[in-house]
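Colleague: I would like to work through this model with you, one question at a time. Could you begin with a term that we will need?

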Amino acid sequence: MGWKLSAEACASEPQRADRLWRGNQPAGSPVASEEQLDLLSTLDLRQEMPPPRVSKNFLSLLLQVLSVLLSLVGDALVIVYREVCSIRFLLTAVSLLSLFLAALWWGLLYLVPPLENDLRGSAQDREPTSLCQPPTYSEYHERVRSQGQQLQQLQAELDKLHKEVSSVRAANSERVAKIVFQRLNEDFVRKPDYALSSVGASIDLEKTSHDYEDANTVYFWNRFSFWNYARPPTVILEPDVFPGNCWAFEGDQGQVVIRLPGRVQLSDVTLQHPPPSVAHTGGANSAPRDFAVYGLQVDDETEVFLGKFTFDVEKSEIQTFHLQNDPPAAFPKVKIQILSNWGHPRFTCLYRVRAHGMRTSEGAGDSATGEPH
């Protein structure tokens, strides 16, 4: 009963306050409406109410939403991963299938024998009814055997041809080598040489200049013949013309007298000296330059002048000079007198001297007709 009274008192309290407020208002002032009063009361109540607090239900709801979002993102990631794995598997399968097809195609092209050419080649020999029929195993085996025999025949012919080519090449090589050696051994002058030791020519040492001796290189053992480095004048009668294989005399003037194998009507003389390109000293300044040729009679006192010449080292290594022996006279000896060299201050080298002409019969006069030799 008491609770009801308090409730009614509370309900009537606003009305009382309203009446009091209206009674205190002066006359002529505007009267506030009921809506305005309700608004004022609401404002007063809001000012008196404390700030709202976040409820536990709202936080739980937020956590649930976040968990749902995380689960959705995880499901999406799993789906993407599965798709990627499926694509990788698809690529792997396609690659393996491509390799298998390529191997199968290669086997069909290279391992299986091409029967198309055989079918075309033998189509004319078959009967019209057998054109559409594939070859049997026995026919295929027979073709393989015939092709093997043809290959063996071709190999035999190839071996035979190779042997023939080798024999022809060897024969040509021997022929070429023989021609080369013949040209090397052949006398390029193409005239008989009577100043050759092998046919009986020799050196008259009494009428020949002395050998060159270098005082700076003379040792005790060089005085023995088998240790002596200097070459004797007989070296000019030998066909071996190599750098250093020459007879050297002191200075730029000297002479050598050659005994001929008989009485010879001299027509030409030839001098030979290695070219400057093969000289060890880088030049040919020791070669003879100006020289004169004399024919000696039997008494060794009478000398017949046969000509004066110049040996040009830049021209050729072998040079032939025509003698002034007219009317032709036969001499048992010939003298080569060197008048100058190409600039060497100490010695002059003479490599080979050749005497050409016609040998006369023994006991014949100087003007006797000789026979070629």
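Modeller: A nonpolar core is a set of buried Ala, Val, Leu, Ile, Met, Phe, Trp, Tyr and Cys residues joined through side-chain atoms within 4.5 Å. Please keep in mind that this is a predicted model.

Colleague: Which strand supplies the largest share of the largest nonpolar core?

Modeller: The largest nonpolar core has 34 residues, and Ile236, Ile258, Leu266, Phe291 and Val293 touch the most other members. Several strands, including β4 (290-296) and β5 (303-310), each supply at least two residues of this core. The largest share, seven residues, comes from β3.

Colleague: How many residues are in the other core, the one that lies apart?

Modeller: Among the members of that separate core are Tyr212, Val241, Ala248 and Cys349, and the number of its residues is seven.

Colleague: Is Pro274 buried or exposed?

Modeller: Pro274 lies in the loop between β3 (254-272) and β4 (290-296). Leaving aside neighbours within four places in sequence, Pro274 is in contact with Val241, Ala284 and Tyr351. Buried means under 20% relative accessible area, and because Pro274 has 11% relative accessibility, this residue counts as buried.

Colleague: What is the relative accessible area of Leu62?

Modeller: Leu62 has its place in helix α3, residues 56-111, and UniProt, in an unreviewed entry, places the feature "transmembrane region" at residues 58-81 and 87-112. Leu62 also helps to make a nonpolar surface patch of about 940 Å², together with residues including Phe58 and Leu72. Leu62 is partly exposed, and its relative accessible area is 42%.

Technical notes:
Residues are numbered from 1 along each chain as its sequence is written. This is a predicted model: local features need pLDDT of at least 70, side-chain atom pairs count only at pLDDT 80 or more; totals for chains, interfaces and linings use all residues. Side-chain values use heavy atoms; hydrogens and water are left out. Patches are made of residues with over 30% relative accessible area and no salt bridge: like charges are joined within 9 Å, nonpolar side chains (Val, Leu, Ile, Met, Phe, Trp, Tyr) within 5 Å. Accessible areas come from the Shrake-Rupley method with a 1.4 Å probe; for residues, only the protein chains shown count as cover. A salt bridge is a side-chain nitrogen of Lys or Arg within 4 Å of a carboxyl oxygen of Asp or Glu. Helices (H or I, at least four residues) and strands (E, at least two) are DSSP runs, numbered from the N terminus. Buried means under 20% relative accessible area, exposed over 50%, partly exposed in between (1.4 Å probe, protein chains only). UniProt positions are given in the numbering used here, feature names are shortened, and annotations may be inferred rather than shown by experiment. Contact means heavy atoms within 4.5 Å.
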